[in-house]
Amino acid sequence: MLIACDFIVVGAGIAGAAAAANLVRYGSVLLVEMEDQPGYHSTGRSAALFSAAYGNDTIRALTQASRATFYDPPEGFCATSLVHPRNVLLLAREGQADDLQQLIEATDAVEPLQTISPNEANALCPIVRPDRIIGAALGRATADIEVHELHQAYLRQFKSGGGGIVLSRRVLDLSPEPGGWRVQTNKGEIRAGIVINAAGAWAGEIGCLAGASDIGMRQLKRTACLVAAPDGESIDKWPMVVNVNEEFYLKPDAGKLLLSPADETQSIPCDVQADELDIAIAIDRVEQATTLKVRRVEHRWAGLRSFVPDSSPVVGFDPIAKGFFWLAALGGYGIQTAPALGKIAASLAAGREVDSAIHDFDVNLHAISPGRTYGDFLSEHRIGVSRALHEE
Ligand SMILES: Cc1cc2nc3c(=O)[nH]c(=O)nc-3n(C[C@H](O)[C@H](O)[C@H](O)COP(=O)(O)OP(=O)(O)OC[C@H]3O[C@@H](n4cnc5c(N)ncnc54)[C@H](O)[C@@H]3O)c2cc1C
């Protein structure tokens, strides 16, 4: 049987779910997910942090525009709180004093960081070794995100608005046809007016199937593991501890400590797994900076963070493939920016004005548009085609 809808959203991670939940008011929407559960890939593997200081100016604006959903969600949206306070403690080791100062200055407008001494850092997190750091700063406007609850809230909103979701259904091919697209999946064909590409690490591949622009996306692996808290320590109120140049981070997580080497190894889109070496690097860097002694790793995982060269997301209609919409390259910020990105994507895909509340946060739509310049990543041929289309 041929299914037909106004919008097909490929990928039911946080991006696809947030966009779909906002799109249902504008037409019929089908959310298509290749796994048998939504959130299996990057969305289910994050460090779950909300930080307004993280990322470039575009990310910071999108995060601010998302803040209200986390801290003051609409009535009936979620079953539990979406955020819990979690301070962030930034540590600078020898040679990183300037980096710390630059970060403090760069983030002053969005999330003032308080400079503290190494001993004060140790008082906040007793495993931090004051003799191993030359400076520290504390951010208080950060929080742990209940990622599962946020994701489920969007899926509930989507379904109650009349949206349909199909799992274990992989998009295999896309062909343009008058008025939209024919979408070939492993379980039959779907006809859709507009394709929303929210396929996470696979977004580049979906773009290729549609003959869309090459946005120059790369997938970078990030590894994490859970280890036991030090004996006798109550860690729940500890801040997240991050090296100022992101050489490692650690964070309380349901009574355990989450450790990451903050690695960025390029990968193909896949069900990425943690390497022993990256786990060993995480442990070594944490043990250098703290008194923690890791005896056993209780759980390990890795996930893919997708980036284009300017590290901003790609949201909007493709300049070449008509009716093909990008919602991709959410980097390491896809959870904290999902509320704003979901609204923006739905409005743009439906040809509506973007909510004026989004503009209040100085979100620059050009800075996230697929048509922005990607330098060497757009081939001469593709730039030629794109220009020709614009000039028509
Ligand atoms: C270790 C780690 C820590 C992170 N920490 C944070 C953090 O603290 N804060 C933050 O905001 N962000 C963080 N992130 C980033 C965040 O997890 C991502 O930006 C976000 O999850 C991306 O969501 P997505 O929906 O684009 O991708 P995904 O969650 O990967 O969803 C894409 C979906 O598309 C589906 N799909 C792909 N191809 C097809 C196809 N052909 N047909 C059908 N379905 C398809 C996939 O199965 C997948 O479910 C972190 C990421 C990692 C890995």
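**Exercise 1. In which loop is the place of Ala 48? Then assess its backbone and burial.**

Step 1. This is a predicted model. Locate the residue: Ala 48 sits in the loop between β2 (29-32) and β3 (49-50).

Step 2. Check the backbone. Phi of Ala 48 is positive, at about 60°, although the residue is not a glycine.

Step 3. Check burial. The cut-off for buried is under 20% relative accessible area. Ala 48 has 15% relative accessibility, so it counts as buried.

Step 4. Place Ala 48 in its surroundings. Ala 48 is among the lining residues that lie nearest the centre of the second largest pocket.

**Exercise 2. Treat Ser 311 in the same way: find its loop, its phi and its exposure class.**

Step 1. Ser 311 lies in the loop between β18 and β19 (314-317).

Step 2. Its phi is near 65°, a positive value in a residue other than glycine.

Step 3. Partly exposed covers the range between under 20% and over 50%. Ser 311 has a relative accessible area of 26%, so it is partly exposed.

**Exercise 3. Describe the second largest pocket: its volume, its lining and the elements that build it.**

Step 1. Start with volume. The second largest pocket holds about 970 Å³ of space.

Step 2. Take the lining. It has 42 residues, and those nearest the centre are Ser 46, Ala 47, Ala 48, Ile 145 and Asp 253.

Step 3. Sort the lining by class. There are 19 nonpolar, 12 polar and 11 charged residues.

Step 4. Assign the elements. At least two lining residues come from each of β4 (83-85), β8 (143-145), α5 (147-160), β15 (249-253) and β18 (297-307).

Step 5. Find the main contributor. α5 gives the largest share of this lining, with five residues.

**Exercise 4. Characterise the ligand site: its shell, its polar contacts and its cover.**

Step 1. List the neighbours. The ligand has 37 residues around it, and Glu 33, Thr 43, Leu 49, Gly 331 and Gln 336 come nearest.

Step 2. Sort the shell by class. It divides into 18 nonpolar, 12 polar and seven charged residues.

Step 3. Assign the elements. α1 (14-23) and β18 each supply at least two shell residues. β18 gives the largest share, three residues.

Step 4. Find the backbone contacts with ligand oxygen. A backbone N or O atom of Ala 15 is 3.1 Å from an oxygen atom of the ligand. A polar backbone atom of Gly 331 is 2.9 Å from an oxygen atom of the ligand.

Step 5. Add the ligand nitrogen. A polar backbone atom of Val 171 lies 2.9 Å from a nitrogen atom of the ligand.

Step 6. Finish with the cover. On its own the ligand has 1,000 Å² of accessible area, and the protein covers 97% of that.

**Exercise 5. Work out the burial and the side-chain contacts of two loop residues, Gln 96 and Thr 142.**

Step 1. Gln 96 lies in the loop between β5 (88-92) and α3 (97-106).

Step 2. Its relative accessible area is 2%, so Gln 96 is buried.

Step 3. Look for side-chain partners. Gln 96 makes a polar contact of 2.9 Å with the side chain of Asn 243. The side chain of Gln 96 also has a polar contact with that of Glu 247, at 3.0 Å.

Step 4. Move to Thr 142. This residue is in the loop between β7 (135-139) and β8.

Step 5. Thr 142 has 2% relative accessibility, so it too counts as buried.

Step 6. Trace its side chain. The side chain of Thr 142 reaches the backbone nitrogen of Val 88 at 3.5 Å.

How values were computed. Residues numbered from 1 in each chain as written. Predicted model: local features only at pLDDT ≥ 70, side-chain atom pairs only at ≥ 80, totals over all residues. Heavy atoms only, no water. 1 Å grid on protein atoms, 1.4 Å probe; cavity = no way out; pocket = protein on both sides within 12 Å on 5 of 7 lines; lining within 4 Å. Points joined across faces, edges and corners; volume = space filled by probe spheres on them. Helix = DSSP H or I, 4+ residues; strand = E, 2+ residues; numbered from the N terminus. Nonpolar A, V, L, I, M, F, W, Y, C, P; charged D, E, K, R; others polar. Near = heavy atom within 4 Å. Polar contact = N/O pair within 3.5 Å; in protein donor to acceptor, adjacent residues only side chain to side chain. Areas by Shrake-Rupley, 256 points an atom, 1.4 Å probe, with all protein chains shown as cover. Buried < 20%, exposed > 50% of the residue type's maximum accessible area, 1.4 Å probe, protein only.
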